[in-house]
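Reader: I am in my first year and still learning how to read a structure. Could you take me closely through a single part, the sheet and the loop leading into it, and show how that part sits in the whole?

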Amino acid sequence: MPQSKVLVDSNSYFRLAKSIHPLLFQTFGDEEYCLYVLPELDEELSKSPRLKNKFSWAEEPEYSQNRQHYPAVGKKQKREIETAYDYIWSHISTEAPGPSPVDARYLAYAYVLGISVVTDDQDMLAVAKIFGIKTLKTLDLMRLMVDGGHIDMTKVREIVSYWRYWRDLPSGEHNFNQHYKTLFGEESP
């Protein structure tokens, strides 16, 4: 069975990569899900002192090496991605300010490749909906990982407790708690 590629945007990557390592380029589940980031994540990290400081662990060799696997695209797909990017960025620039150029790049890849992108960014999710791009939230991804035997509920609870401690719950506390309970059938830690 071919891989089911899934793109993980920067915010979801930073929420998961330290706790689930290696996060990327590991297949799991019956659908053979395999997670990828784009090279733009490293560009964001290298250019942002705030990100470098907050996620200093991400520059350690074991994490940077894990980020070196990108979705393979041919020349035709690269052109299609550039065209999709132009349309998506034009829409963002005029109709939906919020997502960054890197967010638009993730959406363009997902659109052209017909794959899902994992994000908790509400603005990015709204643009994805307009363009019919498949999305998952970080909690949805963790549900797939549990179902695929990649992680267990102990790991999910540990990650969510960490997010709560750092006040980094995706989607605001109320929506997050509801989404967690729907997916996992228990109150969030």
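Author: A definition is needed before anything else: a residue is called buried when its relative accessible area is under 20%, exposed when that area is over 50%, and partly exposed in between. Please also keep in mind that what you see is a predicted model.

Let us begin with the whole chain, to give the sheet its setting. The secondary structure comes to ten helices and four strands, and from the N terminus on these elements run β-α-β-α-α-α-α-α-β-α-β-α-α-α. The radius of gyration of the chain is 16 Å, close to the 16 Å that the globule rule gives for 189 residues, so the chain is as compact as a globular protein of that length. Along the principal axes, the C-alpha atoms fill a box of roughly 45 × 35 × 35 Å, and buried residues make up 44% of the 189 residues. If you take the contacts between residues at least 6 apart in sequence, 64% of them join residues at least 24 apart.

Now to the sheet itself, which is an open one of four strands in the order β2-β1-β3-β4, with parallel pairing. The strands β2 (33–36) and β4 (135–136) stand at its edges, each with a single partner strand, so one side of each is left without a neighbour in the sheet.

Strand β1, which covers residues 4–8, has four of its five residues buried, so it is largely enclosed by the rest of the structure. Its pairing with β2 is in the parallel sense and extends over four bridges, and two of the partners can be named: Ser4 has Tyr33 of β2 as its bridge partner, while Leu7 has Tyr36 of β2. Although β2 is an edge strand, its side chains are hidden on both faces, for Tyr33 and Leu35 point one way from β2 and Cys34 and Tyr36 the other way, and all of these are buried.

Towards the other edge, strand β3 (residues 116–118) runs parallel to β4 and is joined to β4 by two bridges, and here Val118 has Leu136 of β4 as its bridge partner. You can then follow the chain to helix α8 (residues 138–147), where seven of the ten residues are buried, so this helix is largely enclosed by the rest of the structure. The buried residues of α8 are Thr138, Leu139, Asp140, Leu141, Met142, Met145 and Val146. After α8 comes Gly149, whose phi is positive, near 75 degrees.

With the sheet in mind, we can turn to the loop that leads into β2. It helps to know that most residues other than glycine have a negative phi, and that most peptide bonds are trans. Against that background, Pro22, which has its place in the loop between α1 (10–16) and β2, deserves a look, since the peptide bond from His21 to Pro22 is cis, with omega near 0 degrees.

Phe25 is found in the loop between α1 and β2, and it has a positive phi of about 60 degrees although it is not a glycine. With a relative accessible area of 37%, Phe25 is partly exposed, because this value lies between the 20% and 50% cut-offs. Glu32, which is also found in the loop between α1 and β2, has a positive phi near 55 degrees, and at 30% relative accessibility Glu32 counts as partly exposed.

On the far side of β2, the chain enters the loop between β2 and α2 (40–47), in which Leu38 lies. At 1% relative accessibility Leu38 counts as buried, and you can find its surroundings by leaving aside residues up to four places away in sequence: Leu38 then touches Leu7, Tyr70, Pro71, Arg105, Tyr106 and Tyr109. One of these, Leu7, is the residue whose bridge partner in β2 is Tyr36, which brings us back to the pairing described above. By contrast, Leu38 and Arg50 are twelve residues apart in sequence, yet their C-alpha atoms are 20 Å apart in space.

Notes: Residues numbered from 1 in each chain as written. Predicted model: local features only at pLDDT ≥ 70, side-chain atom pairs only at ≥ 80, totals over all residues. Heavy atoms only, no water. Rg over C-alpha atoms; globule rule 2.2 N^0.38 Å. Buried < 20%, exposed > 50% of the residue type's maximum accessible area, 1.4 Å probe, protein only. Contact = heavy atoms within 4.5 Å. Pairing = 2+ DSSP bridges.
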